[in-house]
Amino acid sequence: MEKKKIGVLTSGGDAPGMNAAVRAVTRTAIYKGFEVVGILRGYNGLLNSEFRTLTRGSVSDIIQRGGTMIYTARCPEFKEWENIMRAKEICERENMCGIVAIGGDGTFRGAADLSRAGVPCIGIPGTIDNDIQCSEYTIGYDTAMNTVVEMIDKIRDTSQSHERCAVVEVMGRHAGHIALSTGLACGATAVIVPEMPHDMDAIVSRIKEVRAMGKKQFIIVVAEGVGGVDKIAKEIQEATGIESRATVFGHVQRGGSPTVRDRVMASEMGYYAVELLEKGIGNRVVGYKDGKVYDVDIQEALSMKKPFNERRYKICNEINF
Ligand code: ADP
Ligand code: F6P
């Protein structure tokens, strides 16, 4: 009898550690007696039958690599029910008994629809933004933050030499998690995030106050969801007389070799996802909570609200000057 197949796809923005998750899903499934098919370019590859058989060997030498070897893409057509039904027929034709979908909220919506159509799907949170409600951690977040910290440390050297203020924009489409933690880690004078109101007059007063105390350089970390770093730098320069420069870090934050944390999380979550599919369970997201990997219904996961770490924000404001 033909072996049952598990499909794995990555969708939405890539994140370091996605490869480690693909590897974990593949190796776990093979260990448990399944065949594994890599679905290329997210849900597009499913609709276009772009498949690649994954073996133990084909996922070797990727645990340490950023990006995703099975590619990622956005597929707006997957929001239409007729395409979900088409995808279900393709899964049946391919003898696919379940799919692991690695990505963010949008990816989970697709996984929920496909589960409803009858193909059990499990979501794994993979996004540098760490903005998935049901999970305290998303794959890629730690690597991206370490990349940001390395870049801010470099900017700090030149800001110190020129006695300047550096205004940097870090990724986070709607979320300030990267900005907050890297701001704390780099001693930023201010962190500007979409979750909290900010007062430019207060930031300017603080810069003036600490310049008077002898501080030479300043770092302002701005989340992408707020944006406008050029304008902020101009405002600071005009109000303080301190030369200011804006830098947008951009997609460099999404690349690079995943950190230990991302590799371990990806391996644990990938393993857990296959355990669920083995039991015939679908429509779940694997998350991380209170030090443990767990699973939750996709709709419930999508309806949760992720709290912003206001205490960390307060610490930033009280000690970073
Ligand atoms: P992320 O998964 O990182 O949030 P996107 O929001 O771009 O990224 O979503 C990734 C993909 O998931 C989309 O291109 C689409 O294929 C699928 N998707 C998003 N929203 C839905 C939805 N409401 N129903 C079905 N599929 C969806
Ligand atoms: O969601 C992850 C993310 O990196 C966001 O922080 C950013 O806004 C977005 O993806 C960028 O997406 P794209 O690769 O399409 O430019």
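# Reading helix packing and ligand contacts

User: Let's start with helix 3 and helix 4: which hand does their crossing have?

Analyst: The crossing of helix 3 and helix 4 is right-handed. Please keep in mind that this is a predicted model.

User: What else describes a pair of packed helices?

Analyst: The general idea is that two packed helices are described by the angle between their axes and the distance between the axes. Here, helix 3 (residues 81-93) packs against helix 4 (residues 105-117) at an angle of about 65 degrees, and their axes are 9 Å apart.

User: Which residues make the contact between helix 3 and helix 4?

Analyst: Helix 3 contributes Trp-81, Ile-84, Met-85, Ala-87 and Lys-88, while helix 4 brings Asp-113, Leu-114, Arg-116 and Ala-117. By class, the residues of this contact are six nonpolar, three charged and no polar.

User: Helix 1 and helix 9 also pack together. At what angle, and how far apart are their axes?

Analyst: You can read this pair in terms of angle and axis distance too. Helix 1 (residues 18-31) and helix 9 (residues 260-278) pack at about 35 degrees, with 7 Å between their axes. The crossing of helix 1 with helix 9 is right-handed.

User: What residues meet there, and how do they divide by class?

Analyst: From helix 1 come Ala-20, Ala-21, Ala-24, Val-25, Thr-28 and Ala-29, and they meet Arg-263, Ala-266, Ser-267, Gly-270, Tyr-271 and Val-274 of helix 9. The contact of helix 1 with helix 9 holds eight nonpolar residues, three polar and one charged.

User: Now the ligands. How many residues surround ligand 1?

Analyst: A good way to read a site is to list the surroundings, then the polar pairs, then the burial. For ligand 1, there are 15 surrounding residues, and the closest are Arg-74, Cys-75, Gly-104, Gly-106 and Thr-107. A polar side-chain atom of Thr-107 is 2.4 Å from an oxygen atom of ligand 1. A backbone N or O atom of Asp-105 lies 3.3 Å from an oxygen atom of the ligand, and a polar backbone atom of Gly-110 is 3.4 Å from a nitrogen atom of ligand 1. Taken alone, ligand 1 exposes 550 Å², of which the protein buries 81%.

User: And which residues surround ligand 2?

Analyst: Around ligand 2 you find Arg-74, Thr-127, Ile-128, Asp-129, Met-171, Gly-172, Arg-173, Glu-224, His-251 and Arg-254. Polar side-chain atoms of Glu-224 and Arg-254 each lie 2.8 Å from an oxygen atom of ligand 2. A polar backbone atom of Gly-172 is 3.2 Å from a ligand 2 oxygen. Ligand 2 alone exposes 400 Å², and the protein buries 79% of that.

Terms used:
Residues numbered from 1 in each chain as written. Chains lettered and ligands numbered in written order. Predicted model: local features only at pLDDT ≥ 70, side-chain atom pairs only at ≥ 80, totals over all residues. Heavy atoms only, no water. Axes fitted to C-alpha atoms, helices over the stretch in contact; angles between N-to-C directions. Helix = DSSP H or I, 4+ residues; strand = E, 2+ residues; numbered from the N terminus. Left-handed = near helix turned anticlockwise from the far one by under 90°. Contact = heavy atoms within 4.5 Å. Nonpolar A, V, L, I, M, F, W, Y, C, P; charged D, E, K, R; others polar. Near = heavy atom within 4 Å. Polar contact = N/O pair within 3.5 Å; in protein donor to acceptor, adjacent residues only side chain to side chain. Areas by Shrake-Rupley, 256 points an atom, 1.4 Å probe, with all protein chains shown as cover.
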